[in-house]
Amino acid sequence: MLEDQKISELIVKNYFEKLKVNLSLDVAIVGGGPSGLVAGYHLAKDGFKVALFETKLAPGGGMWGGGMMFNEIVVQKESLDVLKDFDVDIKDEGNGYFLIDSVQITSSLIYKSSKAGVKIFNLIKVVDVVLKDNSVCGVVINWTPVEYMSLHVDPLTVVSKKVLDATGHPAEIASILVKKANVKLNTPSGKIEGEKPMNAELGEMETVENTKEIFKNFYVSGMAANGVFGGFRMGPIFGGMLLSGYKSYKLIKEDLRKE
Ligand code: 48H
């Protein structure tokens, strides 16, 4: 016989165990778009303790919708190596353009990062960072509906050795850091430079270049990196996002290993 109470008990018990274990992390990833998922996949595969916080119901960010809701994405040759781990069907369209079904690649990134050990907390929004001794050392989280409804409910804290802002266009966490603590980022002006208009060629290069530690223990990837450093946008080509996620993984791994 199926007991209704048992079903609820199992969910509550397991969720709170998972949350408790993940209140202290090696890496907190904010945002479950392509760059955050690729970074998380590799970090977790290397044995680091990683949680990813995604404010929406489904992680995947801007990848599901392809270009203007036509659910296909383009990637370039340089990103094919990163794609090897994700087992997707890639159509060679010639001249260095490759096409992938956006639903297939997004679901694969989510599935593989979860299987690699990334603890994904969806419906949780990162609303602040923990700042101590001029260094980021955690994130502040709350339920998305609490934030959405502007309810006056205090958040909880997750401590983390490293924090990755993978929040896409708004570079939300870097913006909070600058706005609330007036810190000097590792950018030309020390502030958020702001994203530039469309230029696929430059935007794709810049998103990888701009993937950096921009404050002690605080990194940016993907569109957040271009937002922070004033890079171009690039439209529905996603190789740069995958490569940026991979670069942030390498930077964070090297820094964690040095400590
Ligand atoms: C928790 C949050 C919070 C928060 C936001 O936008 P994304 O897909 O991110 P990237 O940078 O990996 O990929 C960018 C790509 O999708 C894109 O937009 C491109 C290529 N645009 C080009 C163009 O020209 O327009 O994902 C970010 C994720 C989203 O799922 C958000 O819901 C989530 O971050 N998020 N999660 N706490 N405070 N803010």
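This is a short talk through the strands, cores and aromatic contacts of one predicted model.

Hi everyone, thanks for coming. Please keep in mind throughout that we are looking at a prediction.

Let me begin with the small sheet. Three strands make it up, in the order β3-β5-β4, and the sheet is open with antiparallel pairing. Which strands stand at the edges? They are β3, residues 72–76, and β4, residues 91–92; each has a single partner strand, so one side of each is left without a neighbour in the sheet.

Now look at β5. It pairs with β3 in the antiparallel sense over 5 bridges, and Val-75 is the residue opposite Phe-98. Towards β4, strand β5, residues 97–101, is joined by 2 bridges, again antiparallel. There Phe-98 is the bridge partner of Asp-92. β4 and β5 also form a hairpin with 4 residues between them, and Gly-94 in that turn has a positive phi of about 85°.

If you follow the side chains along β5, you will see them alternate. Phe-98 and Ile-100 point to one face and are buried, while Tyr-97, Leu-99 and Asp-101 point to the other face and are not buried.

That brings us to the nonpolar cores. The largest one has 38 residues, and those with the most contacts inside it are Ile-29, Val-50, Val-75, Ile-105, Leu-109 and Leu-242. You have met Val-75 already, as the residue opposite Phe-98. Several elements each supply at least two residues of this core, including β1 (24–30), β2, β3, β5, α4 (102–116) and α9 (239–258). Which element gives the largest share? That is α2, with 6 residues.

Leu-109 is a nice one to click on. Leaving aside neighbours within four places in sequence, Leu-109 is in contact with Pro-34, Leu-37, Val-38, Met-63, Phe-86 and Leu-242. Another core, of 31 residues, lies apart from the largest one, and among its members are Val-30, Val-158, Ala-171 and Val-183.

Next, two helices. α9 has 20 residues and reaches 29 Å from its first C-alpha to its last, close to the 28 Å expected at 1.5 Å a residue. A good number of α9 residues are buried, including Met-241, Leu-242, Ser-244, Gly-245, Tyr-249 and Lys-253. Yes, there is a lysine in that list.

The other helix is α2, where we find Ser-35. Is Ser-35 buried or exposed? It has 5% relative accessibility, and because buried means under 20%, Ser-35 counts as buried. Beyond residues up to four places away in sequence, Ser-35 touches Ala-166, Ser-221, Gly-222, Met-241, Ser-244 and Gly-245. Met-241, Ser-244 and Gly-245 are among the buried residues of α9, so this is a spot where α2 and α9 residues are in contact.

Let's move on to β7, β8 and β9. Strand β7, residues 124–132, is joined to β8 by 8 bridges, and the two run antiparallel. Within that pairing, Val-140 is the bridge partner of Asp-128. The hairpin of β7 and β8 has 2 residues between the strands, and Asp-133 takes a positive phi near 50° there.

β8 also pairs with β9, residues 156–165, in the antiparallel sense over 4 bridges. Val-140 turns up again here, with Thr-157 as its bridge partner in β9. Why is β8 described as largely enclosed by the rest of the structure? Because 7 of the 9 residues of β8, residues 135–143, are buried.

Last stop, the aromatics. The structure holds 6 aromatic pairs. In one of them, Phe-53 and Phe-121 are stacked, 5.5 Å centre to centre with 20° between the planes. This pair links distant parts of the chain: Phe-53 is in β2 (residues 50–54) and Phe-121 is in β6 (residues 119–122), 68 residues apart. Phe-53 counts as buried, at 1% relative accessibility, and Phe-121 is buried with a relative accessible area of 1%.

Phe-53 and Phe-121 belong to one aromatic cluster with Tyr-15, Phe-16 and Trp-143. Phe-121 has a charged companion as well: the charged end of Lys-18 sits over its ring, 5.7 Å from the centre. Elsewhere, Lys-212 lies over the face of Phe-229, at 4.7 Å from the ring centre.

That's my tour, and I'm happy to take questions.

Conventions:
Residues numbered from 1 in each chain as written. Predicted model: local features only at pLDDT ≥ 70, side-chain atom pairs only at ≥ 80, totals over all residues. Heavy atoms only, no water. Phe/Tyr/Trp six-rings, centres within 6.5 Å; stacked < 30°, edge-to-face > 60°. Buried < 20%, exposed > 50% of the residue type's maximum accessible area, 1.4 Å probe, protein only. Lys NZ or Arg CZ within 6 Å of the ring centre and 35° of its normal. Pairing = 2+ DSSP bridges. Core = buried A, V, L, I, M, F, W, Y, C linked by side-chain atoms within 4.5 Å. Contact = heavy atoms within 4.5 Å. Expected span 1.5 Å × (residues − 1).
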